[in-house]
Amino acid sequence: MPGDKRTGVPASPGRAAGPVVHMPPRVPEPATNRIAPEAVADAVQAVKDAASRVEQDLAERAGRATGTSADILSVTAAMAADPTLAADAARRVSADHLTPERAVWDAAGAVATQLEALGNPMAERARDVRDVRDRIVAALTGATPPGVPDPGHPFVLVAADLAPADTATLDPATVLAVVTTQGGPTSHMAIIARALGIPAVVALGGAAGLSAGETVLVDGTDGEVIVAPEAADLIAAGLGTEEDAGQGQGAPGAVVRRRPPSRGVFDGTASTRDGYDVDLVANVADPAEADVAANKGARGVGLFRTEFCFLGRGTEPTVDEQVDAYRAVLARFAGRRVVVRTLDAGADKPLRFLTPGHEENPALGVRGIRTAVDHPDVLDRQLEAISRAARSASAEVWVMAPMIATADETREFVAACAAHGLDTAGVMIETPAAALQSRWLLADAAFASLGTNDLTQYTMAADRDLAGVAALSTPWQPAVLDLVRVACAGAAVHGRPVGVCGEAAADPLLAPVLVGLGVTSLSMTPRALAAVAESLARVTLEGCRELAALALDSPTARAARDAVRDAVRRQGEHP
Ligand code: PEP
Ligand code: MG
């Protein structure tokens with residue numbers, strides 16, 4: 001209904017309005033039907049035409065796309081251009097009189113099976129072959145091709161959820177905003193949307209019922225979606241002008257605009273109003289993100305998620321490959337600190353060479369540092385690669401392990417790092433156990449970094465990827481903040497620094513609270529740096545401590561946020 005306002009969970013800040021385009025359903029497997037002998041010649045031609053249309057379409061899209069999205073589309077276009085698949089399908093049409101779509105399905109199945117039998121790295125191509133298969137079958141049957149759609153104009157993408165491969169092809173130039181029915185605010189889709197500056201709302205009940213082509217206003221900051229917004233809604237969201245009053249709202253493409261959450265510029269430094277310095281650094285996953293971070297003024301990296309360089313690989317990258325990937329990131333931060341996290345595989349980021357195939361509760365299973373129990377050699381080779389990269393770069397390299405829960409794990413990790421000459425070894429505090437035990441962990445570890453995404457998940461016993469518990473998944477939960485306080489107090493016993501590298505660090509209202517709790521550095525998506533720096537500059541250190549006390553003394557997450565927001569307003573009024 002026009003003007004209908006629906007509330008989900010904010011996942012990536014900013015506002016955008018545009019026409020809805022739904023993620024298409026999977027291309028169905030065609031039935032094994034046969035054609036008349038006289039139709040064979042046309043059917044063979046149809047296969048060739050469909051393959052070449054798919055190749056052209058992908059190549060054109062790659063030409064229009066940017067960044068990773070362009071790379072992925074080019075690779076898929078090259079696969080569609082490979083004549084082997086079309087030739088085998090044509091042979092099946094001629095010999096077995098299969099329909100063109102069934103022939104393509106079977107031919108691709110045979111290629112994929114052969115690739116899988118060769119083992120890795122060839123086996124990894126099987127998924128790409130199936131993707132090309134689905135596109136050619138869609139071209140033959142008129143079904144919607146798989147993947148992020150390309151309607152030819154900017155749009156708001158609506159989906160049940162987005163697989164990592166689809167998330168990688170999100171192009172900020174055309175995808176104005178993302179709305180999903182599933183997922184949580186710290187899912188990796190949400191993290192990538194934030195890195196790309198695409199507003200997102202997750203866990204929006206009834207999103208599937210939004211009509212295709214209808215204009216929606218997506219508020220990724222407050223987690224709201226307005227259907228067929230009025231001009232007044234657009235103006236209030238900073239997206240509309242008086243001219244919109246005359247436009248037919250709700251018509252496809254009637255309004256296509258996006259407003260980033262902050263236009264400020266970050267100059268690399270941040271401090272409270274009374275001059276207390278807070279280190280603001282960036283979260284990166286690969287060299288391209290390191291470039292963005294450096295361009296946005298980040299003076300260092302507080303979390304380098306190394307597993308993202310290797311997601312989707314079936315085999316362990318060689319030490320040389322790892323050295324190249326790490327060196328490329330370190331090169332962007334000459335003379336600056338880069339905190340490299342060892343592989344955080346498992347749960348929602350499985351790596352086939354490292355994590356168990358099936359676990360009932362993978363978030364509680366063998367992930368992060370726990371993979372080193374069965375695969376100490378993989379950790380050892382990664383540390384060797386980090387050490388070699390560090391020796392050949394001028395960045396100051398710190399190393400930390402994810403999912404630490406005990407002092408024993410800490411001691412062993414620190415010793416493993418020392419064996420490779422990596423002397424600044426720290427721990428991520430992502431489990432309540434680690435937060436409560438931080439005075440023991442930090443006796444060995446040189447620093448700690450609070451992974452508030454997982455810390456929230458484990459404190460609230462709420463799966464970070466599950467829409468049904470998304471309302472619980474906020475670091476504003478006083479229980480989570482209390483664990484931050486305890487973790488900082490334990491580290492202070494040894495005079496060790498504690499940072500935050502979870503999404504909490506990017507929340508401008510929460511940042512002063514974290515500083516008030518004892519956190520000394522905040523690492524975030526580079527786009528958030530300016531807004532967080534602005535927010536810190538408005539309060540004194542004592543003000544941060546008062547805000548922290550208010551939040552801790554609140555019964556609920558909402559009460560904590562409201563109390564802090566009101567107090568910040570009051571402090572702003574009386575500088
Ligand atoms: C976290 O858990 O807060 C964190 C930074 O790690 P990740 O999001 O990669 O699990
Ligand atoms: Mg984590």
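Modeller: Before we start, a residue counts as buried when its relative accessible area is under 20%. Keep in mind too that this is a predicted model.

Colleague: Fine. Why is Phe304 called buried, then?

Modeller: Its relative accessible area is 0%, and the cut-off is under 20%, so Phe304 is buried. Tyr326 comes out at 1%, so it is buried by that cut-off as well.

Colleague: What makes the rings of Phe304 and Tyr326 an edge-to-face pair?

Modeller: Two numbers. Rings pair if their centres lie within 6.5 Å, and planes over 60 degrees apart count as edge-to-face. Here the centres are 5.9 Å apart and the planes stand at 85 degrees, so the label follows. Phe304 sits in strand 11 and Tyr326 in helix 10, and the two are 22 residues apart, so the pair links distant parts of the chain.

Colleague: And what makes Phe310 and Tyr326 a pair of that kind?

Modeller: Their ring centres are 6.4 Å apart, which is within 6.5 Å, and their planes are at 80 degrees, which is over 60, so this pair is edge-to-face. Phe310 belongs to the loop between strand 11 and helix 10, while Tyr326 is in helix 10, so parts 16 residues apart in sequence are tied together. Phe310 is buried too.

Colleague: Which residues do the ring pairs link into a cluster?

Modeller: Phe304, Phe310 and Tyr326. Over the whole structure, the search turns up three aromatic pairs.

Colleague: How do you know that Glu430 and Asp454 coordinate the magnesium ion, ligand 2?

Modeller: A donor has to be within 2.8 Å of this metal, and Glu430 (OE) and Asp454 (OD) are at 2.0 Å. Glu430 lies in the loop between strand 14 and helix 14, and Asp454 in helix 16, so the pair ties together parts 24 residues apart in sequence.

Colleague: Are those two ligating residues buried or exposed?

Modeller: Glu430 has a relative accessible area of 2%, so it is buried. Asp454 is also at 2%, so it is buried.

Colleague: Why is helix 7 described as largely enclosed?

Modeller: Seven of its nine residues are buried, so the rest of the structure largely encloses helix 7. Among them are His188, Met189 and Arg194. Just after the helix comes Gly197, with a positive phi of about 75 degrees.

Colleague: What puts Arg133 over the face of Trp105?

Modeller: The charge must be within 6 Å of the ring centre and within 35 degrees of the ring normal. Arg133 lies over the face of Trp105 at 3.6 Å from the ring centre. Arg337 lies over the face of Trp398 in turn, at 4.5 Å.

Colleague: Last one: how do you know that Cys488 is in no disulfide?

Modeller: The sulfurs would have to be within 2.5 Å. The closest cysteine sulfur to that of Cys488 is in Cys544, 13 Å away, which is too far for a bond. For Cys501, the closest cysteine sulfur is in Cys488, at 13 Å, again too far for a bond. Cys488 is buried at 6%, and Cys501 counts as buried at 1%. The search of the whole structure finds zero disulfides.

Technical notes: Residues are numbered from 1 along each chain as its sequence is written. Chains are lettered from A and ligands numbered from 1 in the order in which they are written. This is a predicted model: local features need pLDDT of at least 70, side-chain atom pairs count only at pLDDT 80 or more; totals for chains, interfaces and linings use all residues. Side-chain values use heavy atoms; hydrogens and water are left out. Donors are N, O and S atoms within 2.8 Å of the metal (3.2 Å for Na, K and Ca); water is not among the atoms, so sites may look incomplete. Helices (H or I, at least four residues) and strands (E, at least two) are DSSP runs, numbered from the N terminus. Buried means under 20% relative accessible area, exposed over 50%, partly exposed in between (1.4 Å probe, protein chains only). Rings of Phe, Tyr and Trp (its six-membered ring) pair if their centres lie within 6.5 Å; planes under 30 degrees apart count as stacked, over 60 as edge-to-face and the rest as tilted.
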